[in-house]
Amino acid sequence: MYRTVKATSGRQIFQPLHTLRAAEKELLPGYHPFEWQPALKSVSTSCHVGIIDGLSGWIASVDDSPADTVTRRFRYDVALVSALKDLEEDIMEGLRERGLEDSACTSGFSVMIKESCDGMGDVSEKHGGGPAVPEKAVRFSFTIMSVSIQAEGEDEAITIFREPKPNSEMSCKPLCLMFVDESDHETLTGVLGPVVAERNAMKHSRLILSVGGLSRSFRFHFRGTGYDEKMVREMEGLEASGSTYICTLCDSTRAEASQNMTLHSVTRSHDENLERYELWRTNPHSESAEELRDRVKGVSAKPFMETQPTLDALHCDIGNATEFYKIFQDEIGEVYHKANPSREQRRSWRAALDKQLRKKMKLKPVMRMNGNYARKLMTREAVEAVCELVCSEERQEALRELMGLYIQMKPVWRSTCPAKECPDQLCRYSFNSQRFAELLSTVFKYRYDGKITNYLHKTLAHVPEIVERDGSIGAWASEGNESGNKLFRRFRKMNARQSKTFELEDVL
């Protein structure tokens, strides 16, 4: 919400709070009038609602921190109105470019929303004067991906606005901030419950809002794609990511996925997960726990929020880079003809790898793999550096080929529009992934015998199908929300107004 200004140095400087006081009134949700037809179920008709306590309506029973400091949010519909009014000029521009007569286009707008949600560790304050709150936070946000209109007598909907930077924090609007640990399922679902209820109510109603001086009607379509695997599993009632049911898109087990690496199709859906949860709950066939678990394929909690079965491009990068880092280590230590190396040996290979990467690639060792490290590690230069430590020519070649294939495949799930940006790689994807799988199951069999990591399975098996269905994986990724996390941290540490009453509102 905070407008940033670029200083002459080119660094981003945040404006001090007093200059924002005046401007923020109309930037924040709750400024514009609108109505819903039919009125939203269980949601007040009032339009001028700003920041609300995310637990309003819940009885205060949170023990360790005062309940009124746990969460703040905007009402979902009010926030969407504010985001649409931000795009008012773009929408009008889009209508003009298409030569659509203004007065003819008052109904039939449909808006595609990407939802993202992510947990953050350690958000403690540097010199906090604020209330005692847990040190972990969760942010839920949305991005308007596109606005299209179904003109009278036309079969095809015409897109009049498409978000040019769907992964920027500028297009990613915060909806709800919670000082909650993302692993605390009860509190998380308690806080997001009202958001889910509002979202469900909006699916069955039309928003009437004045855009460009005329009342127009909008329908919203929500797609929860900006979640990492941990969050998807939590929202959809699946077992945690170490489960034998490796995938959030298909029913494959880890052993099956390592045997058959590429031939799977997307089968899971929110509705199916709900049905399976009912089976799990009622056990109509009186099966044993093992049989029942196999029947429901690892769905053992109630799916709480509908997510779109997709793959998160950012975490896909990170997961695969972690995996390659381990392969590099194993290759340096020639694990392929050793049984069970000791921890000391592994540690020494890791040290050698880190030293080499630091020398050749200027890559400092990191505690947890992050996006930037992953991007630098997955390059030909990095593989060349690693090959210098690998004795066998044959193994070097295999590593080079593996990385070459990966670099060919990556743009397909990374780019915002693969059909335009990398059509050749898109066409060759299935072929490349088959060859990649072949290498893993022969040359690197020592690592992939009966096991495979979750994201590697998704990368090999599901990418083409998702791209065919959605047109893109990269555009629907969680990066915008992740970048927003960085801003959140910064505001929380530096810009929260120092009085206790304002604290949470400010970091929103």
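The paragraphs below lead through a predicted model, beginning with its largest pocket and moving on to a pair of helices and some details of the backbone.

The largest pocket encloses about 1,700 Å³ of space. Its lining is made up of 47 residues, and those closest to the centre of the pocket are His315, Ile318, Arg368, Met369 and Asn370. Sorted by class, the lining holds 19 charged, 16 polar and 12 nonpolar residues. Several elements of secondary structure take part, for at least two lining residues come from each of the strand β6 (109-120) and the helices α5 (229-235), α9 (313-332), α10 (343-361), α11 (371-377), α17 (454-461) and α19 (479-495). Among these elements, α9 makes the greatest contribution, with 9 residues in the lining. The position of the pocket can also be read in terms of domains: domain 1, which consists of residues 31-226 together with 484-507, and domain 3, residues 313-470, both supply residues to the lining, and the pocket therefore lies between them.

Helix α17, one of the elements that line the pocket, also leads to a helix pair that can be examined by itself. Two packed helices are described by the distance between their axes and by the angle that those axes make. For α15, which spans residues 423-442, and α17, the axes come within 9 Å and cross at roughly 140°. Because angles over 145 degrees count as roughly antiparallel and those from 65 to 115 as roughly perpendicular, this crossing makes α15 oblique to α17. On the side of α15 the contact is made by Tyr429, Ser433, Phe436, Ala437 and Leu440, while α17 contributes Leu456, Thr459 and Leu460. Taken by class, this contact has 6 nonpolar and 2 polar residues and no charged residues.

The remaining details concern the backbone in loops. Between β3 (35-37) and β4 (51-53) runs a loop that contains Pro38, and the peptide bond that joins Gln37 and Pro38 is cis, with an omega of about -15°. Two further residues bring the path back to α9, the helix that gives the most to the pocket lining. Lys297 is placed in the loop between α8 (289-296) and α9, and its phi is positive, at about 50°, although Lys297 is not a glycine. In the loop between α9 and α10 lies Glu334, which likewise is not a glycine and yet has a positive phi of about 50°.

Note on methods:
Residues are numbered from 1 along each chain as its sequence is written. This is a predicted model: local features need pLDDT of at least 70, side-chain atom pairs count only at pLDDT 80 or more; totals for chains, interfaces and linings use all residues. Side-chain values use heavy atoms; hydrogens and water are left out. On a 1 Å grid over the protein atoms alone, a cavity is a set of points where a 1.4 Å probe fits but cannot get out, and a pocket is an open set with protein on both sides within 12 Å along at least five of seven lines; lining residues have an atom within 4 Å of a point. Grid points are joined across faces, edges and corners, and a volume is the space filled by probe spheres set on the points. Helices (H or I, at least four residues) and strands (E, at least two) are DSSP runs, numbered from the N terminus. Ala, Val, Leu, Ile, Met, Phe, Trp, Tyr, Cys and Pro count as nonpolar, Asp, Glu, Lys and Arg as charged, and the others, Gly among them, as polar. Domain bounds come from an automatic or database domain assignment. Axes are lines fitted to C-alpha atoms, for helices over the stretch in contact, and angles run from 0 to 180 degrees between N-to-C directions. Angles under 35 degrees count as roughly parallel, over 145 as roughly antiparallel, 65 to 115 as roughly perpendicular and the rest as oblique. Contact means heavy atoms within 4.5 Å.
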